[in-house]
Amino acid sequence: MARKQRLDTRLASPVDDAARRLVSVDNYRPLPRCSRVYDIRVDLLEAIDRRQSRRKYVPTPLTERDAAVLTELIAALNDSDGVRMELVVDNGSAFDSLRRSYGMFTGVRNYVGLIADGVYSTPEKLGFDGELVNLTAVTLGLGTCIVGGSFSRSACPFDLKSSETVACVIVVGEVEPAPSTKEKLLRGAMHRRSKTLNQLSVTPPPWPDWFNAGLVAVQKAPSALNRQPVVFALSDGRASASIPATDDPLMFVDLGIAKRHFGLGAGDGTWDWGSGGVFTPGLVGL
Ligand SMILES: Cc1cc2nc3c(=O)[nH]c(=O)nc-3n(C[C@H](O)[C@H](O)[C@H](O)COP(=O)(O)O)c2cc1C
């Protein structure tokens with residue numbers, strides 16, 4: 001059984017407070033269109049709109065500022081949720097060695113390792129917290145891509161315990177503003193049309209605004225092979241999120257990512273962990 005835990009998705013949560021503090025630093029580089037850099041939720045919602053997986057990177061190290069923002073956020077998330085994420089800077093060997101066989105990624109120098117420890121609920125937490133790192137990197141103007149397959153796990157420089165594995169990584173780095181032709185082709189090959197809101201919810205409309213807004217944010221979430229496996233339901237004023245029965249850890253990463261997007265879209269509320277976990281809107285602080 002998944003150990004159920006509550007995690008606050010409100011702005012006042014320790015996690016989001018940390019993110020807000022971190023991206024509000026004086027020389028934070030905002031997105032060109034973003035004027036409200038003091039409001040992390042607005043930045044993250046905008047990042048949800050802007051984000052798309054990028055696979056061609058300018059092979060430069062992260063700036064000290066970007067590395068510091070991501071490192072501090074990762075430390076806050078690791079502390080609060082007991083997950084293990086680790087930033088690798090200026091070391092692309094996990095991608096260089098496989099470049100010829102996969103041919104997917106170029107110029108990767110930096111990534112965040114999402115390290116699973118064999119505990120059932122960890123991949124979901126890694127998805128939930130990793131997606132906050134992913135979106136925060138987008139608010140910094142960086143390109144990103146979550147990668148579960150096309151890299152060499154053995155070439156990652158993590159000091160793993162025997163119980164630990166690299167679930168996936170989040171590539172981060174400078175990109176050209178517009179995707180290259182090859183990136184567009186790869187995205188076209190992988191990115192089927194997004195599911196409709198009705199396909200994402202087993203409960204037919206009409207829905208309250210917060211539920212609708214949560215689904216809209218989930219529509220834009222990354223998922224392995226763009227399979228969008230998470231379905232939502234609405235009952236007694238609460239949402240729930242489920243995936244098909246599986247032992248595929250990446251499906252649980254997808255579940256955590258979808259819950260993160262739903263929470264950011266819906267606003268105040270609290271998620272329980274696990275497939276079938278319940279989102280209670282506006283509970284926190286009562
Ligand atoms: C858990 C996970 C694993 C992924 N693994 C890979 C991968 O191995 N290679 C890759 O090119 N993209 C990978 N992706 C990116 C997805 O292909 C991408 O999110 C999906 O096609 C939707 O496209 P978008 O992110 O541009 O919206 C992964 C995404 C997730 C969430």
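**Ligand shell**

I began with the residues around the ligand: twelve are nonpolar, eight polar and three charged. Here Ala, Val, Leu, Ile, Met, Phe, Trp, Tyr, Cys and Pro count as nonpolar, Asp, Glu, Lys and Arg as charged, and the others, Gly among them, as polar. The model is a predicted one; local features need pLDDT of at least 70, side-chain atom pairs count only at pLDDT 80 or more, and totals for chains, interfaces and linings use all residues. Residues are numbered from 1 along each chain as its sequence is written.

I looked up which residues are closest to the ligand. Of the 23 that surround the ligand, these are Ser53, Gly148, Gly149, Pro222 and Asn226. A residue belongs here if its C-beta atom, placed from the backbone, lies within 6 Å of the molecule. β4 (143–147), α7 (181–190) and α10 each give two or more residues to this shell. α10 gives the largest share, four residues. Helices (H or I, at least four residues) and strands (E, at least two) are DSSP runs, numbered from the N terminus.

**Confidence and overall build**

I checked pLDDT, the predictor's confidence in each residue, from 0 to 100. The protein chain has a mean of 83, and 80% of its residues reach 70 or more. Over residues 1–39, pLDDT stays under 50. Where pLDDT is low, the predicted coordinates should not be read in detail.

I noted ten helices and nine strands in the protein chain. Of its 286 residues, 44% count as buried (20 or more other C-beta atoms within 10 Å of the residue's own, C-beta atoms being placed from the backbone).

**Core**

Next I turned to the largest nonpolar core, a set of buried Ala, Val, Leu, Ile, Met, Phe, Trp, Tyr and Cys residues joined through C-beta atoms within 7 Å. It has 68 residues, and those touching the most other members are Val112, Leu114, Val133, Val169, Ile170, Val171 and Phe262. Helix α10 (residues 249–266) supplies the largest share of this core, ten residues.

What does valine 133 touch? I found Leu70, Leu73, Ile74, Met85, Val112 and Ile170, leaving out residues up to four places away in sequence.

**Two helices**

α10 has 18 residues and reaches 26 Å from first C-alpha to last, close to the 26 Å expected at 1.5 Å a residue (1.5 Å times one less than the number of residues). 18 of its 18 residues are buried, so α10 is largely enclosed by the rest of the structure. Glycine 267 follows α10, with a positive phi near 95°.

Helix α6 (residues 122–139) also has 18 residues and reaches 25 Å, close to the 26 Å expected. Its 18 of 18 residues are buried, so α6 is largely enclosed by the rest of the structure. Glycine 141 follows α6, with a positive phi near 90°.

Definitions and conventions: Buried ≥ 20, exposed ≤ 12 C-beta atoms within 10 Å, placed from the backbone. Contact = placed C-beta atoms within 7 Å.
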